[in-house]
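Here is a brief report on selected local features of one protein. Sequence and coordinates come first, then the reading.

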Amino acid sequence: SFAAFGKTVCKKEDKMKKLLSISLPLILIVGICVMTSSCSKNKQDENWRDDKSYDLSLPALNKDGWYLVFEDDFDGNKLNENIKFGDKYKGNKEIWTTSPHAIRWESNDEKKPQQACYWCPTMVEVKNSNLIIHSRYEDNHTCDGDCPKQGRFTSGIETRKIVGDNNANKGTNDEMLFSQAFGYFECRVKFPNSNGLWSAFWLQSSNMRKVGNEGKDGTEIDVYESAFINSKTSKMGHALLWDGYGKNAKSSPYITDLTQNLYDGYHTFALKWTPEYYVFYIDGKPTWATKDGDVSRVKEFLRLTVEIDAGDKWGPHGQKIGAFDDSKPADDFMVDYVKVYQNENYEKYIQDDSEFSGSIDLD
């Protein structure tokens, strides 16, 4: 994600190369740059608020071409139970799997390898009409994978299954359980209110690492990442990333100021993705609209994840998220529902990955 990539931007180059060997969401890159003199100091563009080319309204089902793809209220005892699919849906009925069972962050302190963060399926639970993702340090961890005995463990869910080596997580051999280009994507969640970690709702294309087509051939879309636990005012960040995570990477982040406390109870986060632009929403209100990256035209998969700091106390958007407390379990990430709509007027603009030339940047 944006967070993982940006943790090392304008910092130690050798450390960045190590972290970028694992595919990560992106919300940190510009936050770090904002805080350092060697990066761009451009102010974020606020003109979207008055730009009439953006329709900032929320979609309404069964109006103006909008229809239900699926709604998952997590009513059951495990993933993929009792999902409500729309009449037009013809895909897989089991659309979720747990995030790659692998190391997510290597420890920032070689003398404290136990500060590494791992994604492990044992941290995922479906209970009381919620998806629950636990986060905790364990010194006697057991699971069916290659996790160590000691470490920081959390997880996520997504609609892509890694084929091959989870630790590579490059995206070149992914199996799409569910993917969609354009539409409306909404979740209702309760943030984990603990230092040293953040949750995220994001979309990603398997081939967003392909270079040379701007973001048309795939863009990482971070609907939100909850890294503002220690902010004196209520804020939230959105971000776009394209052309991979290496030297060719491009990104566009945005931080919005809010009045509500997002760490108090449940809140909704949504994306309207049209063939011409993106609109982001928090609690039903538009918080950013943009055409940056020239707008992805390929199908992307969904991710809901939690990540734990690996000892440096930094999170997305250059935010100090504090030290993770290894002595007790962290606050849980709670997901009440996920909804996905599509618009029949957008479908003719969908393109296949194979229509775009260029090589994949795996640096």
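Which residues gather in a patch of negative charge on the surface? The patch consists of Asp45, Asp50, Asp51 and Asp292. The model is predicted. Asp45 sits in the loop that links α3 (29-35) and β1 (66-72). Its relative accessibility is 48%, so aspartate 45 counts as partly exposed.

**A buried strand**

Strand β15 covers residues 220-225. Six of its six residues are buried, so β15 is largely enclosed by the rest of the structure. β15 has a partner in strand β14 (residues 197-204): four bridges join them, and they run antiparallel. Another partner is strand β16 (residues 234-242), again joined to β15 by four bridges and antiparallel. Aspartate 222 of β15 takes part in both pairings. Tryptophan 202 stands opposite aspartate 222. Alanine 239 in β16 also stands opposite aspartate 222.

**Positive phi in loops**

Two loop residues are listed below.

| Residue | Phi | Loop between | Relative accessibility |
|---|---|---|---|
| Aspartate 283 | near 50° | β19 (278-282) and β20 (285-290) | 29% |
| Lysine 313 | near 70° | β21 (301-308) and β22 (314-315) | 39% |

Aspartate 283 has a positive phi although it is a residue other than glycine. The positive phi of lysine 313 likewise belongs to a residue other than glycine. Are these residues buried, partly exposed or exposed? Aspartate 283 counts as partly exposed. Lysine 313 also counts as partly exposed. Buried would require under 20% relative accessible area, and exposed over 50%.

Definitions and conventions. Residues numbered from 1 in each chain as written. Predicted model: local features only at pLDDT ≥ 70, side-chain atom pairs only at ≥ 80, totals over all residues. Heavy atoms only, no water. Patch = residues over 30% accessible without salt bridge, like charges linked within 9 Å, V, L, I, M, F, W, Y side chains within 5 Å. Areas by Shrake-Rupley, 256 points an atom, 1.4 Å probe, with all protein chains shown as cover. Salt bridge = Lys/Arg side-chain N within 4 Å of Asp/Glu carboxyl O. Lys, Arg positive; Asp, Glu negative; His and termini not counted. Charge placed at Lys NZ, Arg CZ, Asp CG, Glu CD. Helix = DSSP H or I, 4+ residues; strand = E, 2+ residues; numbered from the N terminus. Buried < 20%, exposed > 50% of the residue type's maximum accessible area, 1.4 Å probe, protein only. Pairing = 2+ DSSP bridges.
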